[in-house]
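Below is a walk through two parts of one structure: the surroundings of a ligand, and the packing of a pair of helices. Please keep the sequence at hand while reading.

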Amino acid sequence: MTIRPADLIERKRNGDEHSAEEISELILAYTRDEVPDYQIAAWCMAVYFKGLSGAETFALTDAMIRSGETLDLGAALGRRVVDKHSTGGVGDKTSIAVGPIVAACGVPVGKMSGRGLGHTGGTLDKLESIPGFRVELTTDEFVSQIRDVGMAIVGQSADLVPADKKLYALRDVTATVDIVPLIASSIMSKKLAAGADAIVLDVKVGDGAFMKTLEDARILAEQMLDLGQRAGRDVVCLLTDMDQPLGRAVGNALEIREALDTVDGEGPGDFTELVLDACARMLAFSDLGVDVAEGRTRAKAAVCDGSAHAMYERWVRAQGGDPDPAMLPRAPVRIAVPAPRDGVVTRLHALAVGHAALELGAGRRTKDDAIDPAVGVLCFAKRGDAVLAGDDLAEVHARDDSSAAGAVEALLEAYEIGDVAPPERGILLDVVG
Ligand code: URA
């Protein structure tokens, strides 16, 4: 090793810029266990205070990609490959609805997803609530399934970007997760290593997201866009509302049911809007040669003519799952959450709903916790909805009476009911790129 990690920490603490070679050596040596966690933790904290330049962030991303294997899906399929990624939020089941719709339009979808930690559930956990569904496929099985069926969603291979796995686990326990260049490089390294030619990013904004304000979300979006462009890929970032949960369902099997309803054209308005937007952008980036408006028309047509539903069934069966929604697990206890007064919902705090679902068992507090696939919350009333005292604001799906009672209380806290309707705010707040 030609670098001295302690020097790099000191120089970053003083606000100096590193060369690409220095960052590359630091990250690759860390991946090989040649630099201890405490030095990388100190370096991340220095980055928190002093930041990284665009060139440094790209060097970090590039080094993380080179820490493991990469996949060239485009070459394997002989097609242009389009991927999507969300920065994560409460009730975010977007990929599960977008995948079958885009694939039904003739564009291959191959997605590597993560598990959830904390209040934001992961796509893999949601898919595993489908009886029999396998998320662990070999790379060969993954590629063959995309070729033969049209789509696959699997767990990320351990060989892809191992540096991120190590770094993320360290950041998680050293208060260094919410640092824009580290988030941008973490997300983009995984997308670039998986071989996407074009990437649609959904950057969540608000109470239930990493980025609490539109300004911060824009900065993250611009950095991810910059990384994509430096790597020669097409990127667009949708900045979308995560001040309240997405759709109605929060909880694994409940979210699968809602994703399928949306594939069938019967999903909640905000979620449907986001799904169609993401599909339109992905189709516009694909090799179909259509623009965003035509992409949206085709996505809607795939929903209306049932081809998206048929694709959902083929995909789930190909991964060993039973696509019949009646086979999804159901919680034994269901309790309504009544509105305490007449009025209009002025806020529905996403984070509080996420925590209520977590307490019910829908998420994990530590990475070894088991998830209860059946439990969660359905939020019937959303921001701007008028309610009468006693109306069902939400419904809690629980394993037992005592956890249900706790969730009802938490949800009553999560809802704010006032007399004046809040300003209207659509799901799509801005587009960067
Ligand atoms: N998601 C990631 O994959 N990485 C981060 O750093 C934050 C969110």
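**The ligand shell**

H10 supplies the largest share of the shell around the ligand, with 4 residues. The model is a predicted one. The full set of residues around the ligand is Tyr168, Arg171, Ile183, Ser186, Ile187, Lys190 and Phe210. Sorted by class, this shell holds 4 nonpolar, 1 polar and 2 charged residues.

Three side chains place polar atoms opposite polar atoms of the ligand. For Lys190, a polar side-chain atom is 2.5 Å from an oxygen atom of the ligand. For Ser186, an N or O atom of the side chain lies 2.6 Å from a nitrogen atom of the ligand. Arg171 has a polar side-chain atom 3.0 Å from an oxygen atom of the ligand. How much of the ligand's exposed area does the protein bury? Taken alone, the ligand exposes 240 Å², and the protein buries 91% of this area. Two elements each give two or more residues to the shell, namely helix H9 (162–172) and helix H10 (180–193).

**A helix pair**

The second part concerns helix H6, residues 94–104, and helix H12, residues 252–263. Their axes come within 8 Å and cross at roughly 35 degrees. The crossing of H6 with H12 is right-handed.

Which residues meet where H6 and H12 are in contact? From H6 come Ile96, Ala97, Pro100 and Ile101, and from H12 come Ile256, Ala259, Thr262 and Val263. By class, the residues of this contact are 7 nonpolar and 1 polar, with no charged residue. The ligand shell, by comparison, includes 2 charged residues.

Terms used:
Residues numbered from 1 in each chain as written. Predicted model: local features only at pLDDT ≥ 70, side-chain atom pairs only at ≥ 80, totals over all residues. Heavy atoms only, no water. Axes fitted to C-alpha atoms, helices over the stretch in contact; angles between N-to-C directions. Left-handed = near helix turned anticlockwise from the far one by under 90°. Contact = heavy atoms within 4.5 Å. Nonpolar A, V, L, I, M, F, W, Y, C, P; charged D, E, K, R; others polar. Near = heavy atom within 4 Å. Polar contact = N/O pair within 3.5 Å; in protein donor to acceptor, adjacent residues only side chain to side chain. Areas by Shrake-Rupley, 256 points an atom, 1.4 Å probe, with all protein chains shown as cover.
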